[in-house]
Amino acid sequence: MTSGYSIKAASELTGISEDTIRYYEKIGLLPRAQRKENSHRVYSEGDVELMKLISCLKKTGMPLDEMRPYLNLSRESNLSEYPELYDKIQTHKRNILDQIASLQQIVDFIDTKVSEGSFREKQRNEDCILTGDVKRMPVRKK
């Protein structure tokens with residue numbers, strides 16, 4: 001294989017560092033790269049798309065080991081044929097939506113404080129309750 005993407009080009013296209021790409025290869029998250037005659041790595045379009053998928057899932061907080069089953073599916077695979085994986089990704093999606101809702105509460109809280117012109121007393125800080133993990137914003141002790 002002589003055409004394709006160098007590790008530098010793959011890194012630039014995906015936002016994944018060259019060292020991380022090598023690490024993902026080492027742990028088997030990515031297939032071993034093809035090599036040019038000079039032994040430089042060369043990545044196919046499919047490899048780059050797989051790197052983009054890994055990057056996307058990682059941004060959602062999915063651990064690398066939990067990604068493996070999804071990465072092992074072929075492009076022709078239908079996720080609905082794998083009920084356990086389908087349920088897991090749906091649960092992961094619901095968790096992300098819960099996180100988004102919690103972050104929106106924080107944004108709304110900050111917007112209220114900014115519009116009030118103060119971060120003190122007009123509205124109690126403990127009114128910003130995070131959903132999902134039932135954490136509260138820290139209350140400043142007087």
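**View 1. Y43 and the residues around it.** Leaving aside neighbours within four places in sequence, Y43 is in contact with G4, Y5, S6, I7, A10, I21, E25, A33, V48 and M51. This is a predicted model, so everything in these views is read from computed coordinates. Two of the residues that Y43 touches, I21 and M51, turn up again in View 2. Another one, E25, gets a closer look in View 3.

**View 2. The largest nonpolar core.** Here we step back to a group of 20 residues, the largest nonpolar core. Within this core, the residues with the most contacts are I21, L30, Y43, M51 and I54. Who supplies the core? Two or more residues each come from α1 (7–14), α2 (18–26), α3 (45–59), α4 and α5. The top contributor is α3, which gives five residues. As a bit of background, nonpolar side chains in soluble globular proteins tend to be buried together.

**View 3. A salt bridge between E25 and R41.** Zoom in on these two side chains and you find them meeting in a salt bridge, at 3.2 Å from N to O. The pair ties together distant parts of the chain: E25 belongs to helix α2, while R41 sits in strand β2 (residues 41–42), 16 residues apart. Are these two partners buried or exposed? E25 counts as buried because its relative accessibility is 3%. R41 is buried too, with a relative accessible area of 18%. In general, side chains of opposite charge can pair when their charged atoms come close.

**View 4. Salt bridges within α4 and α5, and a small network.** The model has a count of seven salt bridges. One of them joins D65 to R68, with the closest N and O atoms 3.1 Å apart. Both residues lie in helix α4, three residues apart, or about one turn of the helix. D65 counts as exposed, at 57% relative accessibility, whereas R68 is partly exposed, at 24% relative accessible area.

Over in α5, the side chains of K88 and E84 meet in a salt bridge at 3.6 Å, N to O. K88 and E84 are four residues apart in the helix, so about one helical turn separates them. Residues three or four places apart in an α-helix point the same way, because the helix has 3.6 residues a turn. K88 is partly exposed, with a relative accessible area of 48%, and E84 is exposed at 57%. Finally, look for E18, D19 and R22, which are linked in a network of salt bridges.

**View 5. Helix α5 from end to end.** This helix covers residues 83–116, which makes 34 residues. From its first C-alpha to its last, α5 reaches 49 Å, close to the 50 Å expected at 1.5 Å a residue. Several of its residues are tucked away: L85, I89, H92, S102, F109 and K113 are buried. What do the buried residues of α5 pack against? Their packing partner is α4 (64–71). Just after α5 comes G117, whose phi is positive, near 80°.

**View 6. H92 up close.** Stay in helix α5 and pick out H92. At 14% relative accessibility, H92 counts as buried, because the cut-off is under 20%. Not counting residues up to four places away in sequence, H92 touches T60, G61 and M62.

**View 7. The second largest pocket.** This pocket holds about 180 Å³ of space. Which residues line the second largest pocket? They are L50, L53, L57, Y70, L71, L73, S74, S77, L79 and I89. Helices α3 and α4 each supply at least two residues of that lining. The largest share comes from α3, with three residues. One lining residue, I89, is also among the buried residues of α5 in View 5.

**View 8. S39 and its positive phi.** This last stop is the loop between β1 (34–35) and β2, where S39 is found. Phi of S39 is near 70°, a positive value in a residue other than glycine. For context, most residues other than glycine have a negative phi. S39 is partly exposed, with a relative accessible area of 43%.

Key: Residues numbered from 1 in each chain as written. Heavy atoms only, no water. Expected span 1.5 Å × (residues − 1). Buried < 20%, exposed > 50% of the residue type's maximum accessible area, 1.4 Å probe, protein only. Contact = heavy atoms within 4.5 Å. Core = buried A, V, L, I, M, F, W, Y, C linked by side-chain atoms within 4.5 Å. Salt bridge = Lys/Arg side-chain N within 4 Å of Asp/Glu carboxyl O. 1 Å grid on protein atoms, 1.4 Å probe; cavity = no way out; pocket = protein on both sides within 12 Å on 5 of 7 lines; lining within 4 Å. Points joined across faces, edges and corners; volume = space filled by probe spheres on them.
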